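Work through the exercises below with the sequence and the model open. Each task is followed by a solution in steps.

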Amino acid sequence: MNTSGQQQASSTDNTTAPLPLTSDLTDNNNSERLKQHQTQRLTQHVNGLTSTTTTSSSSTTSPNTSSSNGYEASSSNGNTSHTRNRLTSSSTQTVLTGSSYPSNNGNINSSRIFTNSQKEILRLIGQHLQSIGLNKTVDILIHESGCVLEHEQASNFRELVMSGKWAEALVALEKLKQYIEERDGIQQMKYLILEQKYFELIEDNRAMDALQCLRNEIQGLKIRIERTHELTTFLMFNSIKDMYKASNWSGKGFASRQNLMEKLQKYLPPDIMLPPKRLESLLSQAVELQQERCTYHVKPGKLTLDDVSLLKDHACTKQTFPCVTIQTLTEHSDEVWFCKFSPDGTKLATGSKDGYLHIYDVDMQTYKMKLRKQFEGHSFGIGCIAWCPFSRYIIACGTDECNEIWIWDVEQEEQRSRMNHSSDDSLTCAAWLPCGQRFVCGGSRGQFYYCDIEGNVIDSWEGVRLQCLHVTNDGVILAADTQKRISSYKFDSLTDQQIIHEDHPIMSFTVSKDGRLALLNIATQGVHIWDLHDKQLVRKYQGVTQGHYVNHATFGGPNEEFIASGSEDSKVYLWHRRQERPIMVFSGHTRTVNCVSWHPTLPLLFASASDDATIRIWSTPEHQMKTESLSSNELSS
């Protein structure tokens, strides 16, 4: 680009009388002068800037000087860094005016007035460019858009802070006082500045000056007393490195002052100074929202800007979702009624009509299940399983005809205790308390017991016909009864409170980890989700076939965004929590699917149990290949 004599900054005499805005518009001789004056007048009024600020920005461009790339304008004294010296931080306040763009022939085009959103976008762009050190590009943005990237007082304040001129920075802060909305905001900002000054004096081996700063300036603010006492201790370190570590301070220089500036910016409104890293913050929010709306996103953790492309919306495919059977467990000889992963995820327990409780070890890398132990003796079959919070003990319950429950020690592979309170009992469900030493159990004949790990009944509640039990992480006992209700119970005061009432029988339910949502399997209706806090029905999920048989649904995914349930049509249905229609339907079982359990720590793994006497392990195609490869290697060896 030939810039010699072509890119000339045009400055306008502020004292020139304003041109008329009507008849002169048709005068060709005055049209160029009119455009210049319109630009000046817009510059004077938009965003509160004076014509002096605009003139000083324009006057830094010399008619015949430029950098080697033809873009960097130099000041009249040859100093090309004048503008950049005002833009020392990663966070800049962009104040935009109507602007004139130099054309290739050196003429100034007509004024362009930016919309408010355009102004703010340019402000964000300028801030981000500054943060990654593209100062020359920022200069071009200033020159081409006719904008100033910081409020004048904020720019001066920033420059003083970044230069470590603390006394002058405090004076400049007083000029910004009118913009600070928080009542003690000015005091808090002074404290932060003086704290930085104090640390830098210590680093410079000026202990007496640091002490004077602490006594005369910091203590004089009379705020954050505990922090001030803590600052005193940093004077006593013999090693600067130890002081860095104890104070969590990075040392004198750009990084710590930049961090200080970001803290100070939080007290100033965005009209004066943008919040730190605002563009990155907005993009991160957009990525987070896209992750929440992604139907098939199941990977743990939050996405960052480095994890996605900003050029397109984030969207996972079905291939990244657990959608294939990677293993089929066939050790049971009859219908499998229940399956449940242990809380730590290292084991899978299955219960069957054949009377056996099977414990499988879970390979946390390949997701392969290996049979560890078979517990026998459950003559009525196993219809419910409850793991203790520490994954060591497990309770096995039978059907309506069963009047006893078994407590097994999985680690010792032996029976810990066996409870048989009355021959008239029907003990079909149980749930552990958070302590792992006590539990509640009951059934449809009106028994409701509070017991210790040895099977001793500590307390009882007469007349409650239970269908299902759950204890939340904070110890709230929830029970579904045969009256289509879910209520909370307190044994110490023998009080209960109804939370949910359905129109049809509640066959089973489970609760989210945070205790907020309850997932219900309703006879003839399917799967419903309730908000326990608001006591409101949130959603009814479609697709599943549910009669009067007991079926157990589950939450799944890193943040329990997914719901899975078996069905009497031999399929597994899976929904995104916010969508009523299933996002996937899995075939493979040949009879009713009674229970689905999602792994508590591996979001790409879940299990389903069926009347076809099998348990299917579901994961991604990638893990299917790993499992098949491992099986082939074992056979060949």
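The exercises below concern a predicted model and deal with annotated repeats, two sets of strands and a pocket.

**Exercise 1. Repeats**

Task: State which residues the UniProt annotation "repeat: WD" covers, and describe residues 329–363 and 558–585.

Solution.
Step 1. According to the UniProt record, an unreviewed entry, the annotation covers residues 329–363, 375–406, 558–585 and 586–628.
Step 2. Residues 329–363 are 0% helix and 54% strand, with 14 Å between the end C-alpha atoms.
Step 3. For residues 558–585 the content is 0% helix and 43% strand, and the end C-alpha atoms are 20 Å apart.

**Exercise 2. Strand 10 and its partner**

Task: Determine whether the residues on the two faces of strand 10 are buried or exposed, then describe its pairing with strand 11.

Solution.
Step 1. In a regular strand, side chains alternate between the two faces of the sheet.
Step 2. Strand 10 spans residues 429–432, with Cys429 and Ala431 on one side and Ala430 and Trp432 on the other.
Step 3. Buried means under 20% relative accessible area. All four of these residues are buried, so both faces of strand 10 are covered.
Step 4. Strand 10 runs antiparallel to strand 11 (residues 438–442), and four bridges join them. Ala430 has Cys441 of strand 11 as its bridge partner.
Step 5. Five residues lie between the strands of this hairpin, in which Gly436 adopts a positive phi near 75°.

**Exercise 3. A four-stranded sheet**

Task: Give the strand order of the open sheet that contains strands 14, 15, 16 and 17.

Solution.
Step 1. The order is 14-15-16-17, with antiparallel pairing.
Step 2. Strand 14 (466–471) and strand 17 each pair on one side only, which makes them the edge strands.
Step 3. From one strand to the next, the twist averages 25°.
Step 4. Between strand 16 and strand 17, which run antiparallel, there are six bridges. Ser488 faces Gln497 of strand 17 across this pairing.

**Exercise 4. The second largest pocket**

Task: Which residues lie nearest the centre of the second largest pocket, and which strand gives the most to its lining?

Solution.
Step 1. The second largest pocket holds about 430 Å³ of space.
Step 2. Its lining has 20 residues, and Val476, Ile477, Leu478, Ser488 and Lys490 lie nearest the centre.
Step 3. Strand 15 (477–481), strand 16 (485–490) and strand 17 (495–501) each give two or more residues to the lining.
Step 4. Strand 16 gives the most, with three residues.
Step 5. By class, the lining consists of nine nonpolar, six polar and five charged residues.

Definitions and conventions: Residues are numbered from 1 along each chain as its sequence is written. This is a predicted model: local features need pLDDT of at least 70, side-chain atom pairs count only at pLDDT 80 or more; totals for chains, interfaces and linings use all residues. Side-chain values use heavy atoms; hydrogens and water are left out. UniProt positions are given in the numbering used here, feature names are shortened, and annotations may be inferred rather than shown by experiment. On a 1 Å grid over the protein atoms alone, a cavity is a set of points where a 1.4 Å probe fits but cannot get out, and a pocket is an open set with protein on both sides within 12 Å along at least five of seven lines; lining residues have an atom within 4 Å of a point. Grid points are joined across faces, edges and corners, and a volume is the space filled by probe spheres set on the points. Ala, Val, Leu, Ile, Met, Phe, Trp, Tyr, Cys and Pro count as nonpolar, Asp, Glu, Lys and Arg as charged, and the others, Gly among them, as polar. Two strands pair if DSSP finds at least two bridges between them. Axes are lines fitted to C-alpha atoms, for helices over the stretch in contact, and angles run from 0 to 180 degrees between N-to-C directions. Buried means under 20% relative accessible area, exposed over 50%, partly exposed in between (1.4 Å probe, protein chains only).
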